[in-house]
Amino acid sequence: MSVNPALQGRTFPPAPPYLVGREKVREFARATSSESRLSFDVEAARAAGFRDVVAPPTFAIVVQESTLQQLLAEPDAGIDFTRVVHGDQRFQYSRPVVAGDELTATLTVTSVKSLGGHSMVTAESVLVDADGAHVVTTTSTLVVRGDE
């Protein structure tokens with residue numbers, strides 16, 4: 001089964017809101033070997049002008065994951081997850097993610113391309129805070145390997 005080219009331009013309903021927890025930020029920071037005190041020490045973060053600990057730049061992938069699950073579960077997508085390789089990831093921030101943020105993500109498929117027997121699916125997830133203000137846009141490209 002090949003990837004459905006009609007996915008391009010499709011926007012999925014917003015994923016349920018994600019409340020960014022202080023310990024999740026610290027766990028993610030440890031997992032990614034962050035050495036920034038801003039990700040661990042509330043007082044250091046506040047002294048730097050933030051409301052709470054600051055998530056490492058790639059933390060947004062945690063929130064984006066729920067939107068990618070929507071895409072992968074889409075019955076007509078034609079995406080076999082066992083054949084997926086993560087091809088690229090980018091982030092465009094309006095401001096850092098901090099503990100206490102409640103983020104809602106909405107995914108739009110921006111591109112579906114065929115290359116040889118493979119497909120490349122690029123999707124943007126726009127994350128907004130509880131006030132609806134933009135926080136970050138994450139862009140993922142999934143490579144779906146074709147039949148061998």
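Colleague: What makes S33, which follows α1, stand out in its phi?
Modeller: Phi of S33 is near 60°, and this is a positive value in a residue other than glycine. S33 has its place in the loop between α1 (22-31) and α2 (42-47), where helices (H or I, at least four residues) and strands (E, at least two) are DSSP runs numbered from the N terminus. This is a predicted model, in which local features need pLDDT of at least 70 and side-chain atom pairs count only at pLDDT 80 or more, while totals for chains, interfaces and linings use all residues. Residues are numbered from 1 along each chain as its sequence is written, and side-chain values use heavy atoms, with hydrogens and water left out.

Colleague: Why is S33 called exposed?
Modeller: Exposed means over 50% relative accessible area, buried under 20%, and partly exposed in between (1.4 Å probe, protein chains only). S33 has a relative accessible area of 58%, so S33 counts as exposed.

Colleague: Is S39, which lies in the loop between α1 and α2, buried or exposed?
Modeller: S39 has a relative accessible area of 3%, and therefore S39 is called buried.

Colleague: Which residues does S39 touch?
Modeller: Leaving aside residues up to four places away in sequence, S39 touches V25, R26, A29, S34, V53, V54, A55 and P56, a contact being heavy atoms within 4.5 Å.

Colleague: How do you know that the side chain of S39 and the backbone oxygen of V54 lie within reach of a polar contact?
Modeller: A polar atom of the S39 side chain lies 2.7 Å from the backbone oxygen of V54. A polar contact is a pair of N or O atoms within 3.5 Å; within protein, one must be able to donate a hydrogen and the other to accept it, and residues adjacent in sequence count only if both atoms are side-chain atoms.

Colleague: Which residues of α1 are buried, and why are they said to line one face of the helix?
Modeller: V25, R26, F28 and A29 are buried in α1. Seen down the axis of α1, these buried residues fall within an arc of 165°, so they line one face of the helix; the arc is that of the directions from the helix axis to the C-beta atoms. On the other side of α1, R30 and A31 are exposed.

Colleague: What do the buried residues of α1 pack against?
Modeller: They pack against α2 and α3 (60-73).

Colleague: How many helices and strands does the chain have?
Modeller: The chain has 3 helices and 5 strands, and from the N terminus on its elements run β-α-α-α-β-β-β-β.
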